Amino acid sequence: MSNPPHVIIIGAGSTGSATAHDLALRGLSVTVVERGEIASGTTGRNHCLLHSGGRYCVNDKEGAIECIEENLILRRIMPHALEMNDGLFVALDDEDYAFQEDFLAGCEECHIPAREIPVKQALEIEPFLNPKIKAAVQVPDGVFEPWRFCTSFLATAKKNGATIRNFTEVSDLVFQGSAVAGIQVFDHRTGKTETIGADMVVNATGSWAGIIAEMAHVNVPVAPTAGVMVTIGTRLNNMVINRMHKPHDGDIVVPVRNTSIIGTTSWRVTSPDAIEIPQDQIDKMMHAGELLIPSIKAGRQRGVMAVARPLIASANVDARDFSRTFEAFNHRKQGGAAGIITISGGKTTTARGMAEKVSDVVCAELGISVECKTKTTPLVSYRDFYN
Amino acid sequence: MNLYRPELKRFRFLRWFDFRSWRLGMLAYILNRVTAIGLVVYLYLHLAVLFLLAQGPSGWDPFIQIARTPWFLMLDVILLAGLLIHGLNGLRVALTGFGYGVRSQKPLFIALMIFAAIVLAVGVFKMFMG
Amino acid sequence: MSLQVTLKILRSRPHQEQRYDTFDVTVPDAANVLDAIEQAWAHHDRDLMFRHACHHASCGTCAVRINGREKLPCIAPVKDYDGGEIKIEPLRNFPIVGDLVVDVAPFFQNQEASDFIITRPTENELDGKAIAHTQGLDPESAPTVPFNRFENCVECGICLSACPTMSADYKFFGPAGLAAIKRQLDKTTDANEREKLLHLADDEHGVWRCHSAWECTEACPQSVFPAESIMALRKEINAQRFKKFFRL
C-alpha cells in the first residue's frame, strides 16, 4: 500500500466530487476520473433543488432527515453557491388541504422547520402563484447550481492535493488476484490508454454503476429511473413552489437564475445514456405546472431535459416510491471482489453525507482512522478549479 | 483555409472576416476599419498630388485634365463615402464609448448611415451636375 | 414525431489533423441541438468530446458555435435549423482541448480576479415584495434577509468567442470579466475595494481595448449586456481621473 493510500474515484458527479473532497481532506491521495465534463450525467440535469426534506417527510422519513441535515450543512460550507429563498408547499384542493396535517406532523418528526403562513401573505410574496390556493407552508428549501456545486467540491479537493482527470474514461479494471488493484483508462484528449494503480477504487458512477460493477463481477441493484424537466424562460417565483401532497409528477416549480423549472416525472429506463424526451411527458409537466403558477401557460418554453436517477431498486415497489436514500456497497463483505466500493442512490443535496459514509468505509477497509471534517470546512470558489 | 487551426494563433484577427457571425455592430466595426485604411491610403496619394504643385504648371496641368474625367470623379465619390461613413460612425463610437446611447447603438448607426447616404447623394449631384 | 438531422462537427485533437465529421441522428421534436450532439456521441462515436452539464442554460459549459454563431446548444431547438446540416464548431479565441471542448482556465481566472460573487439580491419584477427568513424560520429571531438569486451571467465564454478584440489581443480581459467587475462594483461600497476593481478595469488590456463591435452583447444568451458594463466602467474611471486631476 502506498503512503498515503491512493484512492481512485470513478465519476465526477455530486457523489464523486464530494467524496474526492472528503478523502483529500482526510489526507489520502485521490484521483478522480470522469469520462466527460464534470456533472455531465445525472447531477448536471437535476432539478437544482436543495431539499429541505419536506417532499419526503411523510413517505420517506429516513430520506427527509438526511435532506434537512445536509441542507443546513451546505448553507454553511457553500453559501455563495446557493439561492437561499426557502420553499412553499401549497394546497390546491381539499385533498391537499387534508394532507396538511400529515405534512406538518412529518416535518416536525423529521425536524424540518416548517411554518404555516396565511394565504394572503403567501400571494403577496409570490404574486404569480395560483390565487386559489387553500394553504401555504414555508420550509427551508433552496436552490443550487449543479455544475458549480460539483466544481466547488473538486476545486477544494484539488487544493488539498487531489488529481482530477475529466474526459478520461474507464475501460477496464485491473486485478491482483481477485481484488481490484487499479483501473485502465482511455484518455480522450491524447487518445492513449493507460493503467492507474490504486489501493481502493470508489465506483461513484450513479446510474452507470452497473457497468463498472460488471467489470468487477459484482452486482449493484441500481434502477435508472428517468425524469423529465421543463424550463420556462421567465422567473415566476422567488421561492421553490411545491404542491402539498405525496410526491407526484409535475408538482414542483424551482426558480433558477432567470428561469423556472417544472418537474418532474418518473419512468424506468434500461440504458441511462442519451434518454429520449417523450412529448406527452412535457405536456404533462406544463399542465401540472400551470396548476401551481398559471402564468406558466404564457411563458416561453426554454429547454427540456431528461436524465436517469440512480435509485436503489427494491422489488415490488413503483419507481416513484423507491427511497431517495443512498447506500454504500462494500463488495468484499458481500462475497465479491475486494478493493472496490460502490456508492449509489441518494440525492445531490445529500452528496456530502454520502461522501462521508463511503469515505468511512474506504478508511476502514484501508485500516486507517481519520475523522471526517467536511461538515465544518468551507469550500473554495468553483473557479479555483481552473487555477 | 480553416481559420480555427490552433497553429494560426498569430492570424486570429482573420476571424473578423468570418461573416457568418456578423451582425450590424460587427458590420459597422469592419466598415470603420476598411474606411480607415482607405483614408490613410488617400492621405499619401494626396501628398503625392500636392508634390506636383511644387513642379509648377507643367506638372500640375496634365493632372487636372485627368481629375476632370468621370472615372476620376467616381474615385472622389468613393472618397466622400468613406469620409462620411468613417466620420459619422466615429461619432457613434465616441458617444457610446463614453456611455451615451449604449442601448441605441443600432438605430444610431442606421440613422447616421441614412444621413451619410443623403449627403453623399447631394455630393454626387453637385459633382456631376454642378 | 421525430426530426432527422445531420450534424457536421469539427473534430480536433492535438495529435490529429482537423476534420469535419458528419453524423445523421434522429431526435424528438422537442430536442435541442445539445440532445442531437449527445445522440451522436451515444450512437455513433463515443470519442466525441463536448462539454455539457445542466441542459437548461444555467451552467454555461456547453457553449459552441452553431452555423458560425455562438450559442448554447442546450436551448437551441433543432427545429429552428429545419432541413440541411447543422455545423458545429468549438468557441473561438480559446485554446482547443479536443473537438468541441476548449480550455476555459484563463477565462475563469479573469472571472475570479474581481472576486465576482455569482449570487445577488433579486431585482426583477418580483422585487420589493418580501423577504425570506432563512434561519430556523422563526420570524421574531430570524434576520430579515432579502431574496437572493444567481446572477444572469452563466460564464459560458460566448462573449469572448464573439469579441473581435479578443481575436487580436488574447490578453484582453474580455466582456464577461469586465461585466463581472461592474457587477461587483455595484455590490460594494467599500472605497478600497472599489479602487481595486477600477484599477483592474483600467488596464492596458482592460476597458479601453473594447472597440465597440457589440458582438458580445448580441451573442449573449442571458441578456447580460456586457458592452454596457464596459462603457459604464469607462465613465467611472474618467470621473475618477477628472476628480484627481482637479483635486476635487
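1. Start with Arg383(A) and Glu155(C): their side chains form a salt bridge, with an N to O distance of 2.9 Å. Keep in mind that this is a predicted model, so the distance is one computed from predicted coordinates. The rule finds six salt bridges across the interface of chain C and chain A. The elements of chain C that each put two or more residues on the side touching chain A are strand E2 (19-28), helix H1 (33-43), helix H2 (105-113) and strand E11 (148-150).

2. Now for the rest of that A–C interface. Chain A brings 66 residues to the contact and chain C brings 62 residues. Polar contacts turn up here too: 32 residue pairs, with both partners at pLDDT 80 or more. The size of an interface is often given as the accessible area lost when the parts come together. By that yardstick, chain C and chain A bury about 5,400 Å² between them, and carbon and sulfur atoms make up 55% of that area.

3. Glu83(A) is a good residue to click on while you're looking at this region. You'll find Glu83(A) in strand E4 of chain A, which covers residues 82-83. Is Glu83(A) buried or exposed? Its relative accessibility is 1%, so Glu83(A) counts as buried; the cut-off for buried is under 20%.

4. What does Glu83(A) touch, leaving out residues up to four places away in sequence? Within chain A, the list is Gly142(A), Val143(A), Arg235(A), Pro255(A), Val256(A) and Arg257(A). From chain C, Asn148(C), Arg149(C) and Phe150(C) join in. Those chain C neighbours carry the numbers of strand E11 (148-150), listed among the elements that touch chain A. With Arg235(A) there is also a polar contact, side chain to side chain, at 3.1 Å.

5. Chain C has a second partner, chain B. This contact draws on 29 residues from chain B and 31 residues from chain C. The buried area comes to about 2,900 Å², and 48% of it is from carbon and sulfur atoms. Between chain B and chain C there are 13 residue pairs in polar contact, again with both at pLDDT 80 or more.

6. How many salt bridges are counted between chain B and chain C? The count is five. One to look up is the pair Asp18(B) and Arg65(C), whose side chains meet with an N to O distance of 3.4 Å. On the chain B side, H1, helix H3 (70-97) and helix H4 (105-129) each give two or more residues to the surface that touches chain C.

7. Chain C itself, the partner of both, deserves a quick look. Its secondary structure comes to eight helices and 11 strands. The C-alpha trace spans about 65 × 50 × 30 Å along its principal axes. Of the 248 residues in chain C, 61% are buried. Take the contacts in chain C with a separation of 6 or more: 61% of them link residues 24 or more positions apart. The accessible surface of chain C is about 9,900 Å², with carbon and sulfur atoms accounting for 49%.

8. One last thing, on chain B. Val40(B), Leu43(B), Tyr44(B), Leu47(B), Leu50(B) and Leu53(B) make a nonpolar surface patch, together offering about 610 Å² of accessible area. Tyr44(B) sits in helix H1 of chain B, residues 24-53. Because its relative accessibility is 57%, Tyr44(B) counts as exposed.

Definitions and conventions. Residues are numbered from 1 along each chain as its sequence is written. Chains are lettered from A and ligands numbered from 1 in the order in which they are written. This is a predicted model: local features need pLDDT of at least 70, side-chain atom pairs count only at pLDDT 80 or more; totals for chains, interfaces and linings use all residues. Side-chain values use heavy atoms; hydrogens and water are left out. Patches are made of residues with over 30% relative accessible area and no salt bridge: like charges are joined within 9 Å, nonpolar side chains (Val, Leu, Ile, Met, Phe, Trp, Tyr) within 5 Å. Accessible areas come from the Shrake-Rupley method with a 1.4 Å probe; for residues, only the protein chains shown count as cover. A salt bridge is a side-chain nitrogen of Lys or Arg within 4 Å of a carboxyl oxygen of Asp or Glu. Helices (H or I, at least four residues) and strands (E, at least two) are DSSP runs, numbered from the N terminus. Buried means under 20% relative accessible area, exposed over 50%, partly exposed in between (1.4 Å probe, protein chains only). Contact means heavy atoms within 4.5 Å. Buried area is the accessible area (1.4 Å probe) that two parts lose on being put together, summed over both. A polar contact is a pair of N or O atoms within 3.5 Å; within protein, one must be able to donate a hydrogen and the other to accept it, and residues adjacent in sequence count only if both atoms are side-chain atoms.
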